[in-house]
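Me: I have a model open and want to go through its packing and strands. Can you take my questions one at a time?

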Amino acid sequence: MGGEKDTEPPKLIVASPELFTTNFTLGEFTLEFDELFNLDNIYKQLIISPPLENKPIIKVNKNNLIVSFKDEHLLPATTYTFNFGDAIKDNNEGNILKNFSYVFSTGTYIDSMNISGKIVDAYTKEPLEDVSVMLYSSLEDSMPLTSSPNYLDKTDEEGNYSIANIKNGVYQIFALQDLNANYIFDQPAELLGFFNGPIDILPDHPSIYNLPLFQEDNTIQFVKQIIDK
């Protein structure tokens, strides 16, 4: 006779360095859980904000999850969030540790501002899943065409997003149906949405931004038809 079915996801026992460590200077961290676990589609599920230039190396050793980014140049005085989405599941029943995040700062404090909202199709009003919501500290209009964002999250099946641990400041916000997962608006078929003007992410300011997504007009000139005379 078996016992009751396990319905609990893995629980974090120890993080090294500890969660919310400041003055972080290492090139990796280790998370120890209370049971064996699997990683499901980790490189698609993991959202790192601000993004790293290179994908980290992720290894599992028994109950330990080791994330290494030793060749990465981390930004100074910056709070980093590693959100594992639905990737961490226990070995037996597949219980998911949803949206577990490891947070550290290369500065002396953890940034604490956050925003959230919902992304929908501009025409059908239906929520859109797996859309990248991106914040840029630069106010140049060309940022989503040329640069990776300072902060990002991806929408869930209901179109909701939430970006935490943001530094106080003024930002641009864009939403992108990022078909090639490079955080750049570089394909005509990608849907785009944005807030009309900069947003202030400061205490006592609005923190909910809902954005519709639409397809930009194709502004590239091309030959439509050749007519012989």
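Me: Which residues have the most contacts inside the largest nonpolar core?
Reply: Leu-31, Leu-65, Phe-69, Phe-82, Phe-84 and Tyr-102, in a core of 24 residues. A nonpolar core here is a set of buried Ala, Val, Leu, Ile, Met, Phe, Trp, Tyr and Cys residues joined through side-chain atoms within 4.5 Å, with buried meaning under 20% relative accessible area (1.4 Å probe, protein chains only). This is a predicted model, where local features need pLDDT of at least 70, side-chain atom pairs count only at pLDDT 80 or more, and totals for chains, interfaces and linings use all residues. Residues are numbered from 1 along each chain as its sequence is written, and side-chain values use heavy atoms, leaving out hydrogens and water.

Me: What does Leu-31 touch, leaving aside neighbours within four places in sequence?
Reply: Leu-31 is in contact (heavy atoms within 4.5 Å) with Leu-12, Val-14, Ala-15, Asn-63, Asn-64, Leu-65, Phe-84, Phe-100 and Tyr-102.

Me: Is there a second core, and which residues are in it?
Reply: A separate one of 20 residues includes Val-133, Leu-135, Tyr-161 and Ile-201.

Me: Switching to sheets. What order do the strands take in the open one of 3 strands?
Reply: The order is 4-7-9, with antiparallel pairing. Strands are DSSP E runs of at least two residues, numbered from the N terminus, and two of them pair if DSSP finds at least two bridges between them.

Me: Why do strand 4 and strand 9 each have one side without a neighbour in the sheet?
Reply: Strand 4 (47–49) and strand 9 stand at the edges, each with a single partner strand, so one side of each is left free of a neighbour there.

Me: How many bridges between strand 7 and strand 9?
Reply: The antiparallel pairing of strand 7 and strand 9 runs over 5 bridges. Thr-81 stands opposite Val-103 in strand 9.

How values were computed:
Buried < 20%, exposed > 50% of the residue type's maximum accessible area, 1.4 Å probe, protein only. Helix = DSSP H or I, 4+ residues; strand = E, 2+ residues; numbered from the N terminus.
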